[in-house]
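This report describes the fold of one protein, from its overall make-up to two local features. Please examine the sequence and the model before reading on.

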Amino acid sequence: MSLEKKILNFLKGPKKGETFELKAGLVSQYKHERKDAIQRVIQAMTVGKDVSSLFPDVLKNIATYDLEQKKLVYLYMMNYAKTHPELCILAVNTFVQDTEDTNPLVRALAIRTMGCIRVDKMVDYMEIPLRRTLLDDNPYVRKTAAICVAKLFDLNSEMCVEFGFLDDLKKLLMDSNPMVVANALSALYEIRDMNKDSSLEVLVIDHQLIKTLMACLNECTEWGRITILGCLAEYSTDDQEETLHIIERCIPQLQHVNPSVVLSSIKVVIHHLDNLPNQATKTSFLRKLSAPLVSLVSLSIPEAQYVGLKNIRIILEKYPQVLTKEVRVFFIKYSDPLYLKLEKLEIVIRLANDSNSALLLSELKEYAMEIEPALVAKSIQAIGAVAIKLSSSVIQASNLLISLMEQRGGELVINEAVGVLTQILRRYPGKNDLITLIVPVISNHIDELTDPQALAGYVWLLGEYPKYFTNLKSKLQDLVDGFLEHESLLQLNILTSVVKINLVLPSAGCSQLLQTVLENATKDCENADVRDKAYIYWRLLSTSSSEAQQQIIASKLPPIKTTISSFNPIVLDALIQELSTLSSVYHKPASTFIDPQAYATHENQQSNKRLGRKSDLSDLTTKAKQEIINNARNENLLDLDDDDQAPSSNPEGANSLLDELNDLFSVPANNTDLNNHSDGSQVKSSTNDILSLFGNPSSQHEDDGINKIGDLNLNSSGSSNLGSGTTQKTKNTSTNADLLDLF
């Protein structure tokens, strides 16, 4: 054995391991061994192993009558097509033949796979198969081809419109099969989102289309119904009879087992509800939404419950009367995850009323005794929200908060409870029964306050109700001494409280504290708001005007009407229109978090690549050939020998090997080229197409993730060889010299 062959064998490494076994099985002469190898390849691909190096060998098994094996090969191709775009073209002939198969499953599988292979060159061969399948007699093939039109539009929108595929897709909206109609509608929605041409009219929702969709609604699958219901939710009409008809046709969908269908149906009903003039009819339809909304909370999957609760929260803000009698449904379960518990608390405080307040407050007390800090804090805030919302429950809620402070205690409970009690006093100012109930309790827990919000509330109480506190000067002294160390919110409250106490209770002897806090606020404080407020107080106090002093005493914080968060009316209208989408989970309109340029300009990128390849085709081809020869140091992917001998340099053996591949994967020429060129020009065009597959390997690897293919050399005459001619000898000499330089 020559030195060159020994070195090549050494660089190739041992032919052992799973990859070698799979490769041997894929090229076996026995069908069952090849099928078994393909199944093992798909298993490895499923668990995340990289088996892209087997692409040429898997591709050889595509021409088979075994439907199961064909599905596996197609699945492999869809997964690794971008890594070997040039080899995917070799399977075009099989795709075209499969679209003419007598089995509709094979025809649908072929056109679906062609659409899923996101390779630019595949577009050139999709015209005839796609047009044939769009007009297929079998509805399963037609509905599959409808989705393929959207994939083609993403790859090449100009070709899709020019060849009339968009018009053919619109015709499918009037198809006799409901599933074909649903898929065509879904494809048009995708195309509408991808369309950048404002002059192109993709989808027009009119009365005739709505009539057709309502007739198909009950005959579709779950996802087909969701698509149709989404279209019904976009449609607006002034005809009250048509509106009533649409709502009545959607009402049965509220009982569907799929929560997405239920939410989409609710969205349609709410969208058309405002067009009904009769208030009694509106109320009747709103009552029918109660049971479907409750079913969303009864789902076994917590994540699905969470989505349902997020949508319910939006609906309650628009129509608070929908679930007034269903508060028990939203009570927390022990097995609920934390995020679900917090979201349920947001719902129950919105359902609080005079009839269920006692039950709700006792339930919230149980939640406040739990061990999860977030749940405890949220429960205490919920008790305060109920007290602020319902004046009849304020005493009961206040006593409940005070009992929590006394019985359970703890830093978290005390800080949260003090903050909530302060908000209650702001909501009901001047009520002596509340003041005498709350202020003494807070005074007993001053030393345990650490939260800035709780401290700010306590300081506000000092300035608002100073007569109810004892040892007022000592309490203020501690706050003034650490004035500069507090946060800006607390500094503002300390400043206001000290000024008010000096005006309301001059006998308290806090004049020195007033001078100190004004000097600290104007000279040493870094916050501009605190300094400005101190200067304003100083100017008003220096005027010695009783009117100015009364103005300071009368100044109060803005009243609290509710602590329950609400949406801006404009945002609420947008969220109602986007129910059952991601917007309802984020509680934000889609325009705020979805990039309008979300769809990549795939067509422009691919056209730029084509222009770059055509400009210097000969130079790129030469570089590709040289890179292929250099890649022989690692592995020969097309070497089908099982022995350990080095690859033969016999041109005849190489030709026979590539002839076998060419026979199996012959690439049909473009129809326009066949009509416009002679036989000689056809061969030349086909050769140029094959040569164009081999651009600059390094740039291809960076742009498309294309893996290199070893030992394949195509000469300019269109024949395949591995080592003939003067050019090959020169390259072999260069390769030998490079290999010897390693030693």
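How many helices and strands make up the secondary structure of the protein? The model, which is predicted, contains 41 helices and two strands.

The following table gives values for the whole protein.

| Property | Value |
|---|---|
| Residues counted as buried, of 743 residues | 47% |
| Contacts with a separation of 6 or more that join residues 24 or more positions apart | 69% |
| Share of the exposed area supplied by carbon and sulfur atoms | 51% |

The exposed area itself comes to about 36400 Å².

One helix illustrates burial. Helix H21 spans residues 338-348, and because eight of its 11 residues are buried, the rest of the structure largely encloses this helix. Among these buried residues are Leu340, Leu345, Ile347 and Val348, and the charged residues Lys341, Glu343, Lys344 and Glu346 are also buried. The cover over the buried residues of H21 includes helices H19 (290-297), H20 (302-318), H22 (357-368) and H23 (373-389).

A second feature concerns a pair of helices. Two packed helices are described by the angle between their axes and the distance between the axes. For helix H10 (residues 139-155) and helix H13 (residues 178-194), the axes come within 8 Å and cross at roughly 0 degrees. Angles under 35 degrees count as roughly parallel, and H10 is therefore roughly parallel to H13. On the H10 side, the residues in contact include Ala146, Ile147, Val149 and Phe153, while those of H13 include Met179, Val180, Ala187 and Ile191. In total, the residues of this contact comprise 12 nonpolar, one polar and four charged.

Conventions:
Residues numbered from 1 in each chain as written. Predicted model: local features only at pLDDT ≥ 70, side-chain atom pairs only at ≥ 80, totals over all residues. Heavy atoms only, no water. Helix = DSSP H or I, 4+ residues; strand = E, 2+ residues; numbered from the N terminus. Buried < 20%, exposed > 50% of the residue type's maximum accessible area, 1.4 Å probe, protein only. Contact = heavy atoms within 4.5 Å. Areas by Shrake-Rupley, 256 points an atom, 1.4 Å probe, with all protein chains shown as cover. Axes fitted to C-alpha atoms, helices over the stretch in contact; angles between N-to-C directions. Parallel < 35°, antiparallel > 145°, perpendicular 65-115°, else oblique.
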